[in-house]
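Trainee: I am new to this model, and I would like to learn how to read it. Could we look at it together?

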Amino acid sequence: MLILGLETSCDETSLALVEYKAGRFFVRKNLVASQIPIHQKYGGVVPEVAARNHVVNIVPLLREVLPFKKKINTIAVTSGPGLVTSLLVGVETARTLAWQWHKPLIAINHLEGHIYANWLDKDTLPTFPAVALIISGGHTELLLIKNHLQYRLIGQTRDDAAGECFDKAGKIMGMPYPGGPALAKLAQSGNPKAVAFPRPMLDKSNFPARGGQASGLDFSFSGLKTSILYHCQKNPPVNEQAKKDICASFQQAIIDVVVAKTVAAVKKYKVKTLLLGGGVAANQELQKQLADKMTKEVPQTMFAPLNPTYCGDNAAMIAVAGYFHASKKDFTPWQKIDVNPNWEL
Ligand code: KG4
Ligand code: ZN
């Protein structure tokens, strides 16, 4: 079965062809046109500019998949959450292809795509029940997944996403958008104990309950942004090493909170697998420290590292999610598909 995936929810235009064969997913094409250089001069993604560039970028990518038209069985497209005008470019393109080619169409939740990135290029496919940590520029969520397509939100950020926090810290330290990867690079040769940044919401008893019940699995990152701003105003880094030390200390504060809560969720729900997804999951130090703690405390739970290529936004992950919806005949007629910018899993 060959699935065409389309992804345009934020600032990457992506088209992919993924084949499911003999129990494995093979990425035949994963084309990604990034708009990062365009948005860098604004210091962040400008929605109107992003949408216009998706229109420009999608046509050359489409040309590359056209030769496979006859072999494609299903079309899967991100229809939310994301920037509404960006989402529309992917959804309208997919709708047109589905109508013109007479192929079934599937609406995919972007976060679901991040989860199914874990099925790409794997010899052993993940098993359920699972906990998924989605950690990106727009989301920081822990989900309990009992079986395919059955999601329950068990923890989330109450303010900013972890990626947003990395990006803001990068900006404060004079790095171009997105600050996350640049900050992570400097952190490699810094001292993570140099600055004592707070570990927000790590102490269960120290934060208000959500919905009447303290789950202990929620996050908060906005205070950390303020903390690094005040630190840099009071103690501007005097040299490159001081800058690296701030980066390492800041990154470690986020890692400590994320690792502790993720492992707590794995223990609480006694799951077989831990899944990772989202741009921040590309952070190698985060993956390493998470793997170490998992091995030490829950060795029976499977945790396979996620290839950085599939952490950020890409259409291959959307195609895999499409396969599982197609198995359940969960199609949307091209006349009815719509965007849903606030779609919650
Ligand atoms: O999943 P993604 O590509 O887009 C969203 O759906 O948001 O995630 C982008 C985010 C950005 O905030 C970026 O700074 C962050 O992922 N990011 C990283 C790293 N690589 C990307 N953050 C920390 N360390 C990294 N290595
Ligand atoms: Zn994403």
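Mentor: Let us go through the overall fold, the ligand, the cavity and the backbone in turn. This is a predicted model, where local features need pLDDT of at least 70 and side-chain atom pairs count only at pLDDT 80 or more, while totals for chains, interfaces and linings use all residues. Residues are numbered from 1 along each chain as its sequence is written, chains are lettered from A and ligands numbered from 1 in the order in which they are written, and side-chain values use heavy atoms, with hydrogens and water left out.

Trainee: How many helices and strands does the protein chain have?

Mentor: Helices (H or I, at least four residues) and strands (E, at least two) are DSSP runs, numbered from the N terminus. Here the protein chain has ten helices and ten strands. Its radius of gyration is 20 Å, close to the 20 Å that the globule rule gives for 345 residues, so the chain is as compact as a globular protein of that length. That radius is taken over C-alpha atoms, and the rule is 2.2 Å times the number of residues to the power 0.38.

Trainee: Which residues are the closest to ligand 1?

Mentor: A residue is near a molecule if one of its heavy atoms lies within 4 Å of it. For ligand 1, 19 residues form the surroundings, and the closest are Gly137, Gly163, Asp167, Gly279 and Asn283. Helix H4 (110–116), helix H5 (162–172) and helix H6 (179–187) each supply at least two residues of this shell.

Trainee: What polar side-chain atom lies 2.6 Å from an oxygen atom of ligand 1?

Mentor: A polar contact is a pair of N or O atoms within 3.5 Å; within protein, one must be able to donate a hydrogen and the other to accept it, and residues adjacent in sequence count only if both atoms are side-chain atoms. The 2.6 Å contact comes from a side-chain atom of Asp167. A polar backbone atom of Gly138 is 3.2 Å from an oxygen atom of ligand 1.

Trainee: Where are the cis peptide bonds that involve Pro81 and Pro129?

Mentor: One joins Gly80 and Pro81, with omega about -15°, and Pro81 sits in the loop between strand E4 (74–80) and helix H3 (84–101). Another joins Phe128 and Pro129, with omega about 0°; Pro129 is in the loop between H4 and strand E6 (130–135).

Trainee: Which residue has a positive phi although it is not a glycine?

Mentor: That is Met201, at about 60°, in the loop between H6 and helix H7 (222–234).
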